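Dear colleague,

I am handing over the structure below, which you have not yet worked with. Please look through it first and then read the notes underneath.

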Amino acid sequence: MENEDLGQRQFCEVIDDITSSISSVREVVKSLREKQNNSTDLDTKDGISLLSLKHHLLLSYLQSLVLVSSHRALGHTLNHRSPPAQPFSSVDRDARGSGAGDLVDSMVESRVVLEKIKVLEGRMRYQIEKLVRVAEEGPSSSSQNVIDDPLAFRPNPQNLMNNDAEGDSGDDQNDGDDAPQDRDGIYRPPRLAAMPYTEPKRDKKARRAPLPSALSSLIHQDPSKPHIESTSGLGSIPSLSSNRAREIHRMNEFEEENFTRLVMKKKEMKRRKKDEEDIALGGNGGIGGRRRGGGFEDEFGDVLRSVGRSKTGAVGDGYEELRKKGKKRDVLERSRTRGRDETEDVGEDGPRQRKRSRFEKEAKAVRKRTSAKLKR
Amino acid sequence: MTDSSAPITLRTRKFITNRLLARRQFVLDVLHPSRPNVSRAELSEKLANMYKTDKNRVVTFGFRTQFGGGRSTGFALIYDDEASQKKFEPKYRLVRSGLATKVDKASRKLRKERKNRAKKFRGTKKIKGAEATKKK
């Protein structure tokens with residue numbers, strides 16, 4: 001009995017709540033209606049602003065969420081949907097149906113639009129903040145004038161300059177003098193203007209890579225003549241690629257034509273010989289201009305220049321070094337560890353000659369004499 | 001490696017019969033693969049055999065070996081007769097081939113000094129002056 005009474009009482013209370021809330025809702029709707037009919041505040045002829053769009057979307061999102069959760073609580077499926085025919089971008093698009101699937105679709109839609117609104121709001125943040133500040137000041141005559149003046153909320157370039165100045169003189173100021181920007185602990189990097197990239201001045205010595213001989217020889221070779229290949233890889237004979245090569249060839253021709261030998265100084269003669277040898281091995285003339293290379297010394301350059309000087313004295317060229325590196329010393333030598341002595345010898349260019357002091361020379365002489373005596 | 005009896009190949013290029021100087025002249029290519037440079041005497045012998053002349057008429061000069069060895073290039077002349085050779089050849093080549101003897105002169109410097117000393121005198125006194133300085 002008492003339970004029934006309790007239940008009835010609760011039921012009545014609930015019913016009363018419902019009626020009171022409905023009546024309050026009716027009043028709100030009435031006032032809205034009046035507003036819509038009389039004043040121009042709610043006029044949506046020109047469309048709604050970004051901020052009110054945000055409110056509307058959020059409201060519809062919440063409504064759909066509630067309905068979807070009630071559907072799920074009742075066990076309905078979310079697949080019934082009746083999507084509108086037109087795409088999203090057309091202006092006079094029908095409203096969605098009221099199936100559960102439609103509710104989900106509209107939630108997705110409003111979520112996407114809300115995210116985009118967030119981006120746009122970020123761009124307008126400066127102006128919105130200013131408006132809010134004006135509104136917070138309170139309704140006064142000056143505020144109305146300010147709102148009507150379109151230039152009241154224009155951007156302030158002074159703010160940019162302040163940031164730059166603070167960035168430059170930040171080092172000079174003490175730690176106690178905090179810039180107002182940094183007071184909230186957020187690091188704001190200095191804004192720098194973009195500058196065009198100018199190449200640094202290249203010194204004269206930094207040469208560009210030389211034109212490859214395959215391309216440069218095309219200039220001088222006659223394309224109508226047949227192309228000569230050879231097994232030695234040195235190319236056509238004579239391949240006059242450099243000026244020096246052509247000069248020497250001309251000299252030879254002159255000599256054969258006129259049955260003489262050219263009269264030259266010794267130096268010139270030596271240079272000519274050297275250049276002829278170089279050209280015969282495929283290089284350009286030795287001093288033949290900017291491009292040096294291709295000959296014997298260029299091809300085996302890294303071997304001929306002694307790359308790591310060996311300890312066993314001055315070895316002629318790199319061939320000997322390579323051979324000696326491969327050979328293992330015998331076991332006795334390997335077991336003898338010279339240690340500190342080794343590093344002392346090889347300091348500068350190769351091993352030093354031990355300066356033989358007078359004592360050492362005399363000792364050596366004595367040893368010789370004694371060994372000679374023993375032999376006898 | 002050096003084989004003195006290895007065969008040599010002689011090639012003649014730019015052969016010209018020079019009627020004005022009474023000779024035949026050409027560029028000579030010698031191929032001597034396993035030998036060092038061939039001597040001029042040997043070359044003139046071989047050329048004389050080839051062209052059926054006296055080996056004294058053949059003059060060779062100006063031989064240069066190409067890089068790597070085995071090949072040298074030079075010039076050769078074959079005169080028709082000795083008279084024209086003596087007429088047209090330069091002195092030094094005649095001396096080389098033995099048809100003329102080398103003139104022994106005092107050194108160039110000495111000659112010039114003597115000349116300068118002789119400038120001081122006139123006429124026959126020059127000879128006297130020269131004798132005087134020679135005796136010194």
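The notes below take up the contact between the chains and then some strands of chain B.

Please keep in mind that this is a predicted model. At the interface, 13 residues of chain A are in contact with 14 residues of chain B, and the two chains bury about 1100 Å² between them, with 60% of that area on carbon and sulfur atoms. On the side of chain A, the residues that lose the most area to chain B are E256(A), F259(A) and R261(A), which together account for 65% of what that side buries.

Three salt bridges are counted between chain A and chain B, and one of E256(A)'s contacts is a salt bridge with the side chain of R13(B), at 3.0 Å from N to O. Three residue pairs are also found in polar contact across the interface. The elements of chain A that give two or more residues to this side are α8 (243-258) and α9 (266-280), and α9(A) supplies the largest share, six residues. By type, the residues of this side divide into eight charged, four nonpolar and one polar.

Within chain B, strand β4 (residues 71-79) is mostly covered, with eight of its nine residues buried. Strand β2 (residues 23-31) runs antiparallel to β4(B) and is joined to it by nine bridges, with D29(B) standing opposite T73(B). Strand β3 (residues 58-65) also pairs with β4(B) in the antiparallel sense, over six bridges, and here F61(B) has F75(B) as its bridge partner. β3(B) and β4(B) form a hairpin with five residues between them, and G68(B) in the turn has a positive phi of about 100°.

With best wishes

Notes. Residues are numbered from 1 along each chain as its sequence is written. Chains are lettered from A and ligands numbered from 1 in the order in which they are written. This is a predicted model: local features need pLDDT of at least 70, side-chain atom pairs count only at pLDDT 80 or more; totals for chains, interfaces and linings use all residues. Side-chain values use heavy atoms; hydrogens and water are left out. Contact means heavy atoms within 4.5 Å. Buried area is the accessible area (1.4 Å probe) that two parts lose on being put together, summed over both. A salt bridge is a side-chain nitrogen of Lys or Arg within 4 Å of a carboxyl oxygen of Asp or Glu. A polar contact is a pair of N or O atoms within 3.5 Å; within protein, one must be able to donate a hydrogen and the other to accept it, and residues adjacent in sequence count only if both atoms are side-chain atoms. Helices (H or I, at least four residues) and strands (E, at least two) are DSSP runs, numbered from the N terminus. Ala, Val, Leu, Ile, Met, Phe, Trp, Tyr, Cys and Pro count as nonpolar, Asp, Glu, Lys and Arg as charged, and the others, Gly among them, as polar. Buried means under 20% relative accessible area, exposed over 50%, partly exposed in between (1.4 Å probe, protein chains only). Two strands pair if DSSP finds at least two bridges between them.
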